[in-house]
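Open the model in your viewer and keep the selection tool ready. We will go from stop to stop.

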Amino acid sequence: MRIANLDGRLVLLEPGADPDEPRGIDAAGAGWPDPDPQAVYARWDEFRAWAATVSFTDTARVDLAALGPVTPRPPQVFGIGLNYRDHAAESGFALPTDPVVFTKYPSSFTGPVGDIRLSPGNVDWEVELVAVIGAGGHGIAEADGWDHVAGLTLGQDLSDRVTQFAAPPAQFGMGKSYPGFSPVGPALVTADELRGDGLDPDDLELGCRVNGESVQKGRTSAMIFSVPALVAKLSAVVTLLPGDVVFTGTPSGIGASMTPPRFLAEGDELVSWCTGIGGLRQRFVSAR
Ligand code: ZN
């Protein structure tokens with residue numbers, strides 16, 4: 001199953017449709033009692049059972065530019081740092097023995113396609129697999145981790161490196177939460193949908209390009225802490241809630257680690273992709 005947020009309304013996407021040219025139906029229009037895309041995660045099992053009964057005879061084209069974030073108001077957002085060996089190495093850090101956790105404030109969330117205003121500092125890209133929690137809980141076992149994930153989407157953990165590292169200790173939450181710095185989408189895809197497409201939800205390929213030049217490319221199987229491991233590690237401390245978001249970390253290739261460092265400039269286009277999920281496209285506009 002694939003869902004999206006079209007103009008603030010929950011949309012069920014047609015199975016098997018091209019992620020770049022999706023078609024779908026308005027969930028409330030088809031009989032689901034609540035049009036709010038964020039509210040669906042609290043009724044995830046009920047929604048899945050209902051969605052299985054929907055016929056896709058009367059779909060409409062979904063305009064990617066009109067999509068909002070699949071989680072417009074997440075109750076809690078977890079960002080994971082240094083979760084790929086190659087990225088930890090390029091950042092000059094030892095491999096973490098426990099997840100490095102920070103937050104991105106929910107006001108920074110935006111849809112998968114659109115313009116983003118540059119912040120005053122050096123703006124960097126971080127393509128990331130994003131997991132959204134369905135059934136929450138505390139003390140979830142890693143073996144049960146996938147059962148608590150509603151689905152997967154794609155995100156950019158955009159980061160102002162000047163704000164992030166203005167003074168020790170680093171301010172990850174501030175540097176990564178300017179308006180628009182958390183684009184996510186285009187759709188939320190369930191793990192079983194990915195398996196049905198012949199994909200392994202623990203081994204998806206993702207990457208991003210700046211003005212057509214590939215800068216990041218990796219596989220989620222290279223993560224130090226997998227999605228179910230992160231569910232277990234996070235829920236060992238924090239009670240996870242329906243609709244919570246986990247940015248699972250970025251592979252190597254960030255601009256700050258290039259020689260010389262490279263950051264996003266006015267007019268740059270950042271295109272991100274993940275097999276089985278789809279893509280993001282951001283254009284950066286002047287800070288003023
Ligand atoms: Zn990140």
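A helix here is a DSSP run of at least four residues, and helices are numbered from the N terminus. This is a predicted model.

**Stop 1: a helix and two rings**

Select residues 44-51, which form helix H1. Now show the side chains of Phe47 and Trp50. They are three residues apart in helix H1, so about one helical turn separates them. Look at the two rings. Their centres are 5.6 Å apart and their planes meet at 35°. Stacked pairs need planes under 30 degrees apart and edge-to-face pairs over 60, so this pair counts as tilted. Are Phe47 and Trp50 buried or exposed? Both are buried.

**Stop 2: the ring cluster**

Keep Phe47 and Trp50 on screen. Add Trp32, Tyr41 and Trp44. Ring pairs link these residues with Phe47 and Trp50 into a cluster. How many aromatic pairs does the model have? The count comes to nine.

**Stop 3: a charge over a ring**

Select Lys104 and Phe247. The charged end of Lys104 sits over the ring of Phe247. The distance from that charged end to the ring centre is 5.3 Å.

**Stop 4: the cavity**

Next, turn on a cavity display. How many cavities of 30 Å³ or more are there? The count is one. Its volume is about 80 Å³. To find the place, select Arg2, Leu13, Pro19, Pro22 and Ala187. Of the 13 lining residues, these are the closest to the centre of the cavity. Now colour strand E1 (2-6) and strand E14 (182-189). Each of these strands gives two or more residues to the lining. What kinds of residues line the cavity? Ten are nonpolar, three are charged and none is polar. Try colouring by domain too. Domain 1 (2-66) and domain 2 (70-285) each supply at least three residues to the lining.

**Stop 5: back along strand E14**

Stay with strand E14 and pick Gly185, which lies in this strand. Gly185 has 0% relative accessibility, and buried means under 20%, so Gly185 counts as buried. Now add Thr71. Gly185 and Thr71 are 114 residues apart along the chain, yet their C-alpha atoms are separated by 8.8 Å.

**Stop 6: strand E10**

Finish at Val123, in strand E10 (residues 123-124). Val123 is buried, with a relative accessible area of 1%. Select Lys176 as well. Val123 and Lys176 are 53 residues apart in sequence. From C-alpha to C-alpha, Val123 and Lys176 are 9.3 Å apart in space.

Methods:
Residues are numbered from 1 along each chain as its sequence is written. This is a predicted model: local features need pLDDT of at least 70, side-chain atom pairs count only at pLDDT 80 or more; totals for chains, interfaces and linings use all residues. Side-chain values use heavy atoms; hydrogens and water are left out. On a 1 Å grid over the protein atoms alone, a cavity is a set of points where a 1.4 Å probe fits but cannot get out, and a pocket is an open set with protein on both sides within 12 Å along at least five of seven lines; lining residues have an atom within 4 Å of a point. Grid points are joined across faces, edges and corners, and a volume is the space filled by probe spheres set on the points. Ala, Val, Leu, Ile, Met, Phe, Trp, Tyr, Cys and Pro count as nonpolar, Asp, Glu, Lys and Arg as charged, and the others, Gly among them, as polar. Domain bounds come from an automatic or database domain assignment. Rings of Phe, Tyr and Trp (its six-membered ring) pair if their centres lie within 6.5 Å; planes under 30 degrees apart count as stacked, over 60 as edge-to-face and the rest as tilted. Buried means under 20% relative accessible area, exposed over 50%, partly exposed in between (1.4 Å probe, protein chains only). A charge sits over a ring if NZ of Lys or CZ of Arg is within 6 Å of the ring centre and within 35 degrees of the ring normal.
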